[in-house]
Amino acid sequence: MSQQHIGGCAQPVGTWSALVKQLEDPSIDALSTACRELVATDAALCGTSARDFDIQLRLHAPSLAEWEVGSRNHRALYDELRPRLIARCSRIAGHLEQADLLANSSLLLGGGEVHRNYTIRRTDGSSVGVKFAVVPPSIGWTYQARLHYLLSPRADTIVELGCYLQGASYPSAYLAFSMCDRPGTIRALQNKGIAAQRDNVLVLTRALGLSDAARNLMSFTIGQAVRYVRALGCRFIVTAFNPLLGFTGSALHATNFTPFATAPVAYCYDSFGNYLTRRQSMSDHRTHRRPGSYRNLLVVLGTDSTARKDTRKVETLQHLDEPTASGPASCPPIDVAELRRYREHLEAAWSKSTAHPSYALEPLSSKGQCGVSSVWLARLLRQQEIEATYCYGRLRFADQGVSSVDHHCWIEVGDPSDPARQIIDLTCDQADGFEQKVICERYDKLVSTGIRYEPVTRLAVDELPRDRVWPRYARLEESMREKWGMRTLYESV
């Protein structure tokens with residue numbers, strides 16, 4: 001399965017369709033074409049569309065050894081992949097049925113087109129109202145973890161937006177944005193004369209439409225999102241799509257995104273052959289990675305007139321290298337006064353629904369709020385380019401007048417084996433007899449004063465959406481936004 005080679009540091013951009021064609025894989029296209037009838041049959045069995053089933057076929061095809069594609073017939077290759085494709089598509093279809101119900105997708109039966117007055121004009125002449133709004137994190141997690149073809153929620157999502165049909169509680173079109181954490185992408189934009197900085201770029205990481213009946217709903221949603229994120233300080237939106245999976249980027253093309261680079265795609269699989277994203281694979285030591293020359297197409301859109309003029313000047317395509325893994329995080333200075341301010345804001349957002357269930361019958365306090373508060377802070381620090389580790393374990397005190405906390409959460413910055421690593425705890429007053437609310441100190445200094453943090457479990461930020469703490473964190477995040485508003489990109493960095 002060898003993709004057409006793209007050589008050199010840069011090439012003329014060319015037409016959109018030509019770039020898509022260049023990044024396709026002939027072997028996977030041939031497999032998809034040969035198995036079209038099998039895909040349609042199995043898609044009907046799973047309760048999903050043939051298009052969605054084909055995406056999973058293409059996503060899992062690189063898991064086969066390269067020589068197999070040329071030496072075995074397509075039916076044998078399909079039969080090898082079929083069990084995991086059916087399991088994955090059936091899982092998505094089950095959740096999609098419920099989402100369609102909550103999104104009022106039946107209102108789009110017969111098709112239609114979105115108009116600027118926030119209505120969808122149906123083919124029978126009737127109209128359906130459309131509302132553009134922020135999507136709550138709890139609903140966003142469902143879209144990313146259960147409905148999106150990658151089945152991989154992003155822990156660094158900072159804003160989620162969507163278009164809702166009238167009366168719906170779930171959006172029909174969903175978008176998720178994160179800050180750009182790949183310096184190579186920023187440099188590639190700067191090399192094109194684009195004034196990109198970390199505090200003015202957002203990455204569109206997930207896009208999902210529940211129904212394609214309203215053919216321009218995704219383009220309409222992207223257009224609305226551009227205006228929203230511009231108010232957050234975003235001047236450039238970057239996203240990527242993968243032609244190998246059959247994506248053409250038509251909605252991106254329709255909303256005037258400009259190609260500026262290609263980037264390598266990591267195809268990783270667990271021990272059962274199920275696809276894992278690059279971020280998932282970093283925390284799974286059993287990951288199987290298939291080498292290849294597959295690449296995504298990166299595109300950019302300016303959110304204001306000046307930024308759009310800059311992006312339209314791009315004439316060459318840069319080919320980015322594989323991102324390199326960074327070493328263990330150091331312990332940069334962290335403003336303790338700022339941590340105390342965070343604690344005050346968190347206190348105002350805590351509720352019974354954000355507390356650990358074991359504290360549900362106790363008066364509202366910091367007890368039971370350590371997990372959600374630690375997740376909130378770990379995510380915020382990542383936006384500030386500080387990588388923290390979420391820890392669960394025990395907090396012990398040498399002072400006999402202070403009770404230990406047997407089940408506690410906090411975060412650490414630095415190598416786990418480094419005595420100078422930073423301990424940050426926004427709820428240390430959970431310990432009866434300990435009045436200090438916030439701790440931010442080196443591990444070895446805390447030990448010397450008789451305070452010992454003993455982690456049982458450590459989780460990277462990217463692992464948190466799969467932890468049991470995440471649903472409670474989502475409720476905390478929603479409460480924080482209600483009380484303090486959305487953070488701008490400038491505030492985040």
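This dialogue looks at how one helix packs against two others in a predicted model.

Visitor: How confident is the predictor in this protein?

Guide: pLDDT is the predictor's confidence in each residue, from 0 to 100. The protein averages a pLDDT of 91, and 91% of the residues score at least 70. Over residues 1–8, pLDDT stays under 50. In this predicted model, local features need pLDDT of at least 70 and side-chain atom pairs count only at pLDDT 80 or more, while totals for chains, interfaces and linings use all residues. Residues are numbered from 1 along each chain as its sequence is written, and side-chain values use heavy atoms, with hydrogens and water left out.

Visitor: What describes two packed helices?

Guide: The angle between their axes and the distance between the axes. Axes are lines fitted to C-alpha atoms, for helices over the stretch in contact, and angles run from 0 to 180 degrees between N-to-C directions. Take helix α13 (residues 336–349) and helix α14 (residues 370–383): their axes come within 12 Å and cross at roughly 130°. That makes α13 oblique to α14. (Under 35 degrees is roughly parallel, over 145 roughly antiparallel, 65 to 115 roughly perpendicular, the rest oblique.)

Visitor: Which residues of α13 and α14 meet?

Guide: Contact means heavy atoms within 4.5 Å. L339, Y342 and L346 in α13 meet S373, W376, L377 and L380 in α14.

Visitor: At what angle do α13 and α16 cross?

Guide: Roughly 105°, with the axes of α13 and helix α16 (residues 470–484) coming within 9 Å. The two helices, α13 and α16, are therefore roughly perpendicular. H345, L346, A348 and A349 of α13 touch L476, S479, M480, K483 and W484 of α16.

Conventions. Helices (H or I, at least four residues) and strands (E, at least two) are DSSP runs, numbered from the N terminus.
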